[in-house]
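Fancy a bit of practice at reading a protein model? Have a look at the structure below, then work through the exercises one at a time.

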Amino acid sequence: MPELPEVEITRQGLLPLVNQTVKAVVIRNASMRWPIPDHLTHSLNNQQLLGLTRRAKYILAKFESGTLLIHLGMSGHISLLDRNYPPEKHDHFDIQFNNGYVFRLNDPRRFGAVLWAGIKPEQHVLLSTLGPEPLEASFNARYLHQQMQSRQAAIKNTIMDAHLVVGIGNIYANESLFRARIHPEYPANKLTFMQCEKLVVEIKTTLEDALKAGGSSLRDFAAVNGQSGYFQQSYFVYGRTNQPCKICGNSIKNIKLAQRSTFYCQHCQQL
């Protein structure tokens with residue numbers, strides 16, 4: 001599933017569309033996680049794209065009449081193509097622009113979403129209760145430590161809660177916790193302020209390193225131009241079961257937490 005770095009890289013790749021005007025919208029299969037609104041085929045015509053932002057793992061495309069909300073789901077991918085490029089299997093949604101580009105959403109598993117969020121997207125039900133962005137100043141040690149006091153769940157599950165902080169999926173939770181030397185099963189409310197300081201730093205650093213590397217290309221992800229990321233080459237623990245830890249040489253362990261594969265080094269991350 002694309003996580004925050006991959007969604008941000010996708011957003012950046014779409015920036016050539018800003019200030020361009022919609023020529024046509026094509027819905028080939030509206031049956032996504034929620035149905036794609038059929039009014040988009042006429043309501044977006046001749047609309048100028050005013051901006052592209054990101055909130056959590058959502059891309060927000062601001063048009064003159066409102067904002068389109070896009071989520072890549074488990075397997076979604078957006079390409080920026082010549083509008084004459086023929087559609088392929090699982091190409092469910094196009095926005096064609098006057099400059100000859102087409103925004104094309106491909107989603108084999110159809111867990112993604114294309115929704116209309118109107119003129120106040122921050123009030124949309126999918127956005128209104130989200131926590132702070134992890135790369136912004138509001139996500140800091142003081143905030144994290146305060147939030148931890150009432151949470152008894154494992155720290156890995158806790159930092160993946162989008163109500164606490166957005167965009168930290170399974171890959172980057174595993175990697176951040178290893179860098180902070182915190183066991184993924186450690187109770188959240190037991191973290192000291194110093195541990196929260198370290199964890200905040202490592203979450204930010206891990207995400208920033210992933211952005212510089214073009215994200216993680218596992219299974220379906222590639223940038224809008226088809227280029228793969230290479231952050232997976234730098235993983236300390238994710239997907240490295242029984243391989244030697246890059247720090248101490250002990251074998252990487254794999255357990256299930258909240259039905260998700262969880263990777264850690266039992267020597268570097270002691271419970």
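Here come four exercises, each with a worked solution. Keep in mind that this is a predicted model.

**Exercise 1: the whole chain**

Work out how many helices and strands the chain has, and how its radius of gyration compares with the globule rule.

*Solution.* Start by counting: the chain holds six helices and 10 strands. Next, take the radius of gyration, which is 20 Å; the globule rule gives 18 Å for 271 residues, and the two are close, so the chain is as compact as a globular protein of that length. For the outline, picture a box of roughly 60 × 35 × 30 Å along the principal axes, filled by the C-alpha atoms. Last, check the inside: 52% of the 271 residues are buried.

**Exercise 2: helix H1**

Decide whether H1 is largely enclosed by the rest of the structure, and find what its buried residues pack against.

*Solution.* First find the helix, which covers residues 4-13. Then go through the buried residues: Leu4, Pro5, Glu6, Val7, Glu8, Ile9, Thr10 and Arg11. That's eight of the 10 residues in H1, so the helix is largely enclosed by the rest of the structure. Now look at the neighbours: these buried residues pack against strands E2 (49-55), E3 (58-63) and E5 (77-82), along with helices H5 (170-180) and H6.

**Exercise 3: zoom in on Glu8**

Is Glu8 buried or exposed, and which residues does Glu8 touch?

*Solution.* Begin with the place of Glu8, in helix H1. Its relative accessible area is 11%; buried means under 20%, so Glu8 is buried. Within the helix, the side chains of Glu8 and Arg11 are joined by a polar contact of 2.8 Å. A general point helps here: an α-helix has 3.6 residues a turn, so residues three or four places apart point the same way. Finally, leave out residues up to four places away in sequence, and Glu8 touches Arg54 and Leu211.

**Exercise 4: a loop residue**

Where is Tyr238 found, and how far apart are Tyr238 and Thr262 in space, C-alpha to C-alpha?

*Solution.* Look in the loop between helix H6 (193-212) and strand E9 (252-257), and you'll find Tyr238. Tyr238 is buried, with a relative accessible area of 17%. Now trace along the sequence to Thr262: the two residues are 24 apart there, and their C-alpha atoms are 7.6 Å apart in space. To set this in the wider chain, count contacts with a separation of 6 or more: 63% of them are between residues 24 or more positions apart.

Notes: Residues are numbered from 1 along each chain as its sequence is written. This is a predicted model: local features need pLDDT of at least 70, side-chain atom pairs count only at pLDDT 80 or more; totals for chains, interfaces and linings use all residues. Side-chain values use heavy atoms; hydrogens and water are left out. Helices (H or I, at least four residues) and strands (E, at least two) are DSSP runs, numbered from the N terminus. Buried means under 20% relative accessible area, exposed over 50%, partly exposed in between (1.4 Å probe, protein chains only). A polar contact is a pair of N or O atoms within 3.5 Å; within protein, one must be able to donate a hydrogen and the other to accept it, and residues adjacent in sequence count only if both atoms are side-chain atoms. Contact means heavy atoms within 4.5 Å. The radius of gyration is taken over C-alpha atoms; the globule rule is 2.2 Å times the number of residues to the power 0.38.
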